[in-house]
Amino acid sequence: MQKKIIALAIASALTAPALAFADATVYGQANLSVDIVNDGMANSARTNQLNSNTSRLGVKGSEDLGGGLSAIAQMEGTVTLDNAGAVSLMFNRNTFLGLSSTTLGTAVAGEHDTPYKMATRNLDLFADGIADNRGNQSTSPTFGGTPMMGGGQDIRPGNVIAYISPAMSGFTVAAATAFGAESATATAGNNTKGSIYSLAGMYDQGPFYAALAYQTIKFGDTNTGSLGGVVNDKTSAFKVGGSYTMNAFAVNAVIERITNTTASTGTDLKNTNVYLAGKLNITSADDVKLAFTKRGSQTGLANDAKQYTVGYDHSLSKATSVYALYTKLTQNSTAPGASADPSALSLGIKHSF
């Protein structure tokens with residue numbers, strides 16, 4: 001009840017018509033860690049960091065329209081808990097308006113994770129922290145510069161129209177596209193627009209979870225908004241992932257193939273990334289976790305990297321947990337920033353509401 005009262009107060013401050021969403025709810029996550037980081041350089045240096053790990057705040061609501069149809073809305077943003085002087089990013093996460101049908105599925109428009117990202121983010125046992133399997137998602141500057149899984153494909157673009165089917169015997173399909181060139185200059189008529197197409201199929205039934213996903217991003221001219229870049233260059237990716245849970249033990253795996261195409265030369269740079277992880281429930285409140293991530297070398301290059309992580313979680317309640325982890329990153333000599341093989345010990349607390 002308190003969440004609904006707070007949500008309605010926020011909605012009222014934003015716009016009076018939002019009061020129609022009587023089921024509005026405030027939700028979020030606060031995740032802070034003390035990270036003791038060794039930069040892994042020849043003359044190694046250790047730094048102590050307090051990091052906010054994808055802490056966020058959001059409000060979501062729905063209105064029953066009858067016949068199994070509902071209007072839905074969500075606004076979510078990042079909160080920087082570790083630095084009062086930093087600017088929290090209001091509504092920079094999944095923020096959308098849409099319609100949801102119990103029989104036909106859900107369609108939304110706004111800023112939203114692509115189906116490619118949605119397909120396997122639930123398989124990352126150390127998500128939203130210094131050992132996130134995407135590498136460059138970390139707020140630690142030492143670990144945040146090294147991309148691992150995803151290769152720039154795990155994104156949340158704006159101007160998205162997405163569809164998610166209802167579950168059919170455990171199987172769900174998701175598809176999305178994004179418009180480019182919304183911030184083009186006055187000469188937009190002569191410019192090439194960028195585009196995103198993303199598709200995923202997910203199966204979730206009993207102890208098994210499996211996912212297939214494909215995505216392609218084509219870049220437009222530099223002055224055509226968030227999808228601007230080197231015109232007609234393209235990046236595409238395909239991946240398969242899954243998990244199996246048996247009693248107190250779970251195993252997760254993802255393998256993906258990424259192709260970056262340079263239009264001017266027709267050159268393709270390809271690489272294969274792998275993620276393997278396992279979790280053991282020692283008690284109902286205690287988990288031990290292991291993970292291995294490998295970014296494969298691109299065609300003709302020796303720029304692979306590996307990350308090893310071990311961690312321990314302890315639940316204080318359904319909403320609050322504490323955790324500890326150790327992670328080590330090693331890079332081939334030609335990889336970006338490869339003179340460093342950093343490591344970190346992270347001690348944190350997470351509260352969800």
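This is a conversation between a biologist and a modeller about reading the features of a predicted model.

Biologist: Let's start with the overall picture. How many helices and strands does the chain have?

Modeller: There are two helices and 17 strands. Remember that this is a predicted model. The chain has 353 residues, and 41% of them count as buried. Its accessible surface comes to about 17,300 Å², with 61% of that belonging to carbon and sulfur atoms.

Biologist: What share of the contacts with a separation of 6 or more comes from residues 24 or more positions apart?

Modeller: That share is 53%. Tyr-116 gives you a case to look at. This residue is found in helix α2, and its C-alpha atom is 5.2 Å from that of Ala-213, although the two are 97 residues apart along the chain.

Biologist: Is Tyr-116 buried or exposed?

Modeller: To read burial, look at relative accessible area: under 20% is called buried. Tyr-116 has 0% relative accessibility, so the residue counts as buried. Beyond its sequence neighbours up to four places away, Tyr-116 touches residues including Gln-153, Ser-198, Tyr-214, Phe-238 and Lys-239. Its side chain also makes a polar contact of 2.6 Å with the side chain of Glu-256.

Biologist: Next, the nonpolar interior. Which residues touch the most other members of the largest nonpolar core?

Modeller: A core is read as buried nonpolar residues joined through their side chains. Here the largest one has 28 residues, and those touching the most other members are Phe-126, Ile-130, Phe-143, Met-202, Tyr-275 and Leu-325. Two or more residues come from each of α2 (115-120), β9 (195-205), β10 (208-218), β12 (249-262), β13 (267-283) and β16 (320-331). There is also a second, separate core of 10 residues, with Phe-96, Val-108, Val-160 and Ala-176 among them.

Biologist: Could we take one core residue? What is Tyr-275 in contact with?

Modeller: Setting aside neighbours within four places in sequence, the contacts of Tyr-275 include Leu-123, Phe-126, Met-149, Val-254 and Phe-292. Polar residues appear as well, among them Asp-124, Asn-133, Asn-252 and Thr-293.

Biologist: And on the outside, which residues form a nonpolar patch on the surface?

Modeller: The patch is made of Met-168, Phe-171, Tyr-203, Phe-208, Tyr-244, Met-246, Phe-249, Val-251, Leu-280, Ile-282 and Tyr-312, with about 1,000 Å² of accessible area together. β11 (234-246), β12 and β13 each give two or more residues to the patch. Take Phe-249, whose place is in strand β12. Its relative accessibility is 37%, so Phe-249 counts as partly exposed.

Biologist: Now for charges. How many salt bridges are found in the whole structure?

Modeller: The search finds 11. To read one, find the two partners, then ask where each sits. The side chains of Arg-93 and Glu-76 meet with N and O 2.5 Å apart. Arg-93 is in the loop between β4 (69-78) and β5 (95-101), while Glu-76 is in strand β4, so the pair ties together parts 17 residues apart in sequence. Arg-93 counts as buried because its relative accessibility is 11%, and Glu-76 counts as buried because its value is 7%.

Biologist: Which elements does the salt bridge between Asp-313 and Lys-289 link?

Modeller: This bridge, at 2.9 Å from N to O, links Asp-313 in strand β15 (residues 305-315) with Lys-289 in strand β14 (residues 286-295), 24 residues apart. Asp-313 and Lys-289 are buried.

Biologist: Which residues are joined into one network by salt bridges that share partners?

Modeller: The network joins Arg-56, Arg-121, Asp-124, Asp-128, Asp-132 and Arg-134. Within it, Arg-121 forms a salt bridge with Asp-132, the closest N and O atoms being 3.2 Å apart. Both of these residues are buried.

Biologist: One last kind of feature: an uncharged polar side chain. What does the side chain of Ser-52 reach?

Modeller: Ser-52 lies in strand β2 (residues 46-52). Its side chain reaches the backbone oxygen of Val-79 at 3.3 Å, and a polar atom of that side chain lies 3.3 Å from the backbone nitrogen of Leu-81. Ser-52 has 8% relative accessibility, so this serine counts as buried.

Technical notes
Residues numbered from 1 in each chain as written. Predicted model: local features only at pLDDT ≥ 70, side-chain atom pairs only at ≥ 80, totals over all residues. Heavy atoms only, no water. Core = buried A, V, L, I, M, F, W, Y, C linked by side-chain atoms within 4.5 Å. Buried < 20%, exposed > 50% of the residue type's maximum accessible area, 1.4 Å probe, protein only. Helix = DSSP H or I, 4+ residues; strand = E, 2+ residues; numbered from the N terminus. Contact = heavy atoms within 4.5 Å. Patch = residues over 30% accessible without salt bridge, like charges linked within 9 Å, V, L, I, M, F, W, Y side chains within 5 Å. Areas by Shrake-Rupley, 256 points an atom, 1.4 Å probe, with all protein chains shown as cover. Salt bridge = Lys/Arg side-chain N within 4 Å of Asp/Glu carboxyl O. Polar contact = N/O pair within 3.5 Å; in protein donor to acceptor, adjacent residues only side chain to side chain.
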